[in-house]
Amino acid sequence: MADVNAFFDRLDPDMCVVTAVAGGERAGCLVGFASQCSIHPPRYTVWLSKENHTYRVARAAHCLAVHLLTRDQRALAERFGGETGDEVDKFAHLEWSEGHAGAAVLTDAAAWFVGTILHRTDGGDHVGFVLDPVQWGERSPGPLLHLSDALPIAPGHPAD
């Protein structure tokens, strides 16, 4: 009988960068576990690893910003996926602006939204943040960055 990973290994989700601001601290990470979870009203859930610096900041945040990247934005994906905010300022020398409720919005993201956190759900080693989109924008077309594009990025924190 096949292992459940035979199912999971076939998935190739869009990757996104999630940013959080709370207590005067900014954080962000590359996320592969995210999805729209309601049509009416529109809702989106992002799952953050409990090991991640962004998760620790997001626990105190009122909203999160979710950013889609195109395949040609690999350097941005590497910055947010291959470093840990425990050791580096991922926002140093990076263009970003303040969005709704002080959210950190990445200027170069292909598309983005800021969502108010409605619920937090413990899913094991990740916590799901259900978001109500309140502000959004789009900047550049192009094919989105997928998990298969990001596999070579060594994570700033262990993935398991």
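This passage walks through the fold of a predicted model, from its sheet to its loops, surface and salt bridges.

The sheet is a good place to start. Strands of a sheet pair through backbone hydrogen bonds, and they can do so in a parallel or an antiparallel way. Here, seven strands make up an open sheet with antiparallel pairing. Reading across the sheet, the order is β2-β1-β5-β8-β9-β4-β3. The two edge positions go to β2, covering residues 25–31, and β3, covering residues 34–38. Each of these edge strands has a single partner, so one side of each is left without a neighbour in the sheet. Going from one strand to the next, the twist averages 35°.

One pairing can be followed down to single residues. Strand β4 takes in residues 43–49, strand β9 takes in residues 126–138, and the two run antiparallel to each other, joined over six bridges. To find a spot along this pairing, look for W47, whose bridge partner in β9 is G128. A helix joins the picture as well: α3, made of residues 74–81, packs on the sheet and touches β1 (16–22) and β2. The direction of α3 makes about 115° with that of β2.

Strand β4 also holds S49. Is S49 buried or exposed? With a relative accessible area of 17%, S49 is buried, because the cut-off for that label is under 20%. Setting aside neighbours within four places in sequence, S49 is in contact with Y55, D125 and H126.

The loops have some backbone details that are worth a look. Between β3 and β4 there is a loop that contains P41. The peptide bond leading from H40 into P41 is cis, and its omega is near 0°. Two other loop residues, H93 and A101, stand out for their phi angles. H93 is not a glycine, yet its phi is positive, at about 60°. This residue sits in the loop between α3 and β6, the latter being residues 96–98. H93 counts as exposed, with 84% relative accessibility. A101 tells a similar story: it is not a glycine either, and its phi is positive at about 55°. A101 belongs to the loop between β6 and β7 (104–106), and with a relative accessible area of 60% it is exposed.

Next comes the surface. V4, F7, F8 and L11 together form a nonpolar patch there, with about 420 Å² of accessible area between them. Within this patch, V4 comes from the segment before α1 (5–8). V4 is exposed, at a relative accessible area of 52%.

Charged side chains round off the picture. Side chains of opposite charge can pair when their charged atoms come close. How many salt bridges does the model have? The count comes to six, and three of them are described here, beginning with D122 and K50. The side chains of D122 and K50 meet at 2.8 Å, N to O. This pair ties together distant parts of the chain, with D122 in strand β8 (residues 111–122) and K50 in the loop between β4 and α2 (53–58), 72 residues apart. D122 is exposed, with a relative accessible area of 52%, whereas K50 is partly exposed at 30%.

Another salt bridge joins D86 and R56, whose closest N and O atoms are 2.3 Å apart. These two also link distant parts of the chain: D86 lies in the loop between α3 and β6, R56 lies in helix α2, and 30 residues separate them. D86 is partly exposed at 40% relative accessibility, and R56 is partly exposed at 32%.

The pair R74 and E78 sits within a single helix. Both residues lie in α3, four residues apart, which is about one turn of the helix. Their closest N and O atoms are 2.7 Å apart, and the two form a salt bridge. R74 is partly exposed, with a relative accessible area of 26%, and E78 is partly exposed too, at 35% relative accessibility. Helix α3 is thus home to this salt bridge as well as being the helix that packs on the sheet against β1 and β2.

Terms used:
Residues are numbered from 1 along each chain as its sequence is written. This is a predicted model: local features need pLDDT of at least 70, side-chain atom pairs count only at pLDDT 80 or more; totals for chains, interfaces and linings use all residues. Side-chain values use heavy atoms; hydrogens and water are left out. Two strands pair if DSSP finds at least two bridges between them. Axes are lines fitted to C-alpha atoms, for helices over the stretch in contact, and angles run from 0 to 180 degrees between N-to-C directions. Contact means heavy atoms within 4.5 Å. Buried means under 20% relative accessible area, exposed over 50%, partly exposed in between (1.4 Å probe, protein chains only). Patches are made of residues with over 30% relative accessible area and no salt bridge: like charges are joined within 9 Å, nonpolar side chains (Val, Leu, Ile, Met, Phe, Trp, Tyr) within 5 Å. Accessible areas come from the Shrake-Rupley method with a 1.4 Å probe; for residues, only the protein chains shown count as cover. A salt bridge is a side-chain nitrogen of Lys or Arg within 4 Å of a carboxyl oxygen of Asp or Glu.
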